[in-house]
Amino acid sequence: AVSWEQVVQETADFNYLMAHAVADLPPLRLGGAELEIRLYQDAAEPGPLQISDHEHPFYEFSFMYRGEMTYCCDEHVIHLSTANRKIFFMPPATLHRRYGAGPLSVITGFQFHLRPAAEADGGLVCELPALLRRRGYVFDWVDEVFGDLPERWRRELLSRRVLAEERTAVMLQDFLLRFFQHYFGVELARHCAASSRRPGPQRLVYL
């Protein structure tokens with residue numbers, strides 16, 4: 001069995017390396033939106049645990065690396081575990097609470113901001129919070145789409161090989177691209193089509 005002290009140390013080491021990997025990561029383009037990863041980390045917590053109602057100024061995108069956790073968000077109760085491999089995805093300023101009954105848990109996930117690209121009119125940025133509420137903030141892990149990407153970027157980062165941080169950052173962005181393509185492909189296609197019909201900047205031609 002892994003001790004709590006060992007989990008805490010492993011988590012701290014992983015988060016230290018990951019902070020460097022994402023520090024200078026450019027925004028990820030999603031059609032007319034730009035996704036900026038502000039943080040990707042493991043959160044190790046002893047149990048039993050109960051976190052009261054709170055909210056964040058960022059999107060939270062999480063799944064379990066160890067143990068299990070239950071989120072209560074609006075009328076939805078979302079149980080995450082390493083066994084069911086669910087993904088919790090919540091927009092900013094959403095009141096929620098969570099609790100865990102196990103001896104320890106490690107939540108792994110992203111904190112990010114989504115904003116319109118410079119030439120866009122909002123698109124998915126405006127629509128996504130309502131889409132997440134309608135879908136109950138929970139998404140299935142699809143092996144054919146995501147495979148073992150989280151384990152691969154974890155192994156790559158911890159290898160400390162030359163360019164390991166750069167390769168890890170690319171895998172993080174690839175994972176998010178796969179997620180949005182799979183679950184929000186219809187909406188992204190609609191916004192991309194609308195953007196392509198929008199007239200571009202006019203150029204003056206002197207004869």
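The following paragraphs describe the sheets, one packed helix, a cavity and two individual residues of a predicted model.

Because the model is predicted, local features need pLDDT of at least 70 and side-chain atom pairs count only at pLDDT 80 or more, whereas totals for chains, interfaces and linings use all residues. Residues are numbered from 1 along each chain as its sequence is written, and side-chain values use heavy atoms, with hydrogens and water left out.

A good place to start is the six-stranded sheet. Here 6 strands form an open sheet in the order 1-2-9-4-7-10, with antiparallel pairing. Helices (H or I, at least four residues) and strands (E, at least two) are taken as DSSP runs, numbered from the N terminus, and two strands are said to pair if DSSP finds at least two bridges between them. The edges of this sheet are strand 1 (28-30) and strand 10 (138-140), each of which pairs on one side only. On average, neighbouring strands of the sheet are turned by 30° against each other, direction ignored; axes are lines fitted to C-alpha atoms, for helices over the stretch in contact, and angles run from 0 to 180 degrees between N-to-C directions. Helix 1 (residues 4-22) packs on this sheet and touches strand 2, strand 4 and strand 9, where contact means heavy atoms within 4.5 Å. The direction of helix 1 makes about 165° with that of strand 2.

Within this sheet, strand 7 (residues 86-90) deserves a closer look. Strand 4 (residues 59-66) pairs with strand 7 in the antiparallel sense over 3 bridges. Glu60 stands opposite Met90 of strand 7, and Phe61 has Phe89 as its bridge partner in the same strand 7. Strand 7 also pairs with strand 10, again in the antiparallel sense and over 3 bridges, with Phe88 opposite Val138 of strand 10. Strand 7 is largely enclosed by the rest of the structure, because 4 of its 5 residues are buried. Buried means under 20% relative accessible area, exposed over 50%, and partly exposed in between (1.4 Å probe, protein chains only).

Next comes the four-stranded sheet. In this case 4 strands form an open sheet in the order 3-8-5-6, and the pairing is antiparallel. Strand 3 and strand 6 (76-81) are the edge strands, each pairing on one side only. From one strand to the next, the twist averages 15°. Strand 8 (residues 96-100) pairs with strand 3 (residues 49-54) in the antiparallel sense over 4 bridges, and Gly100 of strand 8 is the bridge partner of Leu49. Strand 8 also pairs with strand 5 in the antiparallel sense over 4 bridges, and Tyr99 of strand 8 has Thr70 opposite. Strand 5 is in turn joined to strand 6 by 6 bridges, the two running antiparallel, with Cys72 opposite Val77 of strand 6.

In a regular strand the side chains alternate between the two faces of the sheet. Along strand 8, His96, Arg98 and Gly100 point to one face and are buried, while Arg97 and Tyr99 point to the other and are not.

Turning to internal space, the count comes to 1 cavity of 30 Å³ or more. On a 1 Å grid over the protein atoms alone, a cavity is a set of points where a 1.4 Å probe fits but cannot get out, and lining residues have an atom within 4 Å of a point. Grid points are joined across faces, edges and corners, and a volume is the space filled by probe spheres set on the points. The largest cavity has a volume of about 40 Å³. Its lining residues include Leu49, Glu68, Gly100 and Leu104. Strand 2 (33-46), strand 5 (68-73) and strand 9 (104-116) are the elements that give two or more residues to this lining. By class, the lining of the largest cavity has 5 nonpolar, 4 polar and 2 charged residues. In this scheme, Ala, Val, Leu, Ile, Met, Phe, Trp, Tyr, Cys and Pro count as nonpolar, Asp, Glu, Lys and Arg as charged, and the others, Gly among them, as polar.

Two individual residues complete the picture. His54 lies in strand 3 and counts as partly exposed, at 22% relative accessibility. Leaving aside neighbours within four places in sequence, His54 is in contact with Thr94, Leu95 and His96. The C-alpha atoms of His54 and Arg167 are separated by 34 Å, the two residues being 113 residues apart along the chain. Arg152 is found in helix 4 (residues 149-159) and is partly exposed, with a relative accessible area of 36%. Arg152 and Tyr137 are 15 residues apart along the chain, and 25 Å separates their C-alpha atoms.

Note on methods. 1 Å grid on protein atoms, 1.4 Å probe; cavity = no way out; pocket = protein on both sides within 12 Å on 5 of 7 lines; lining within 4 Å.
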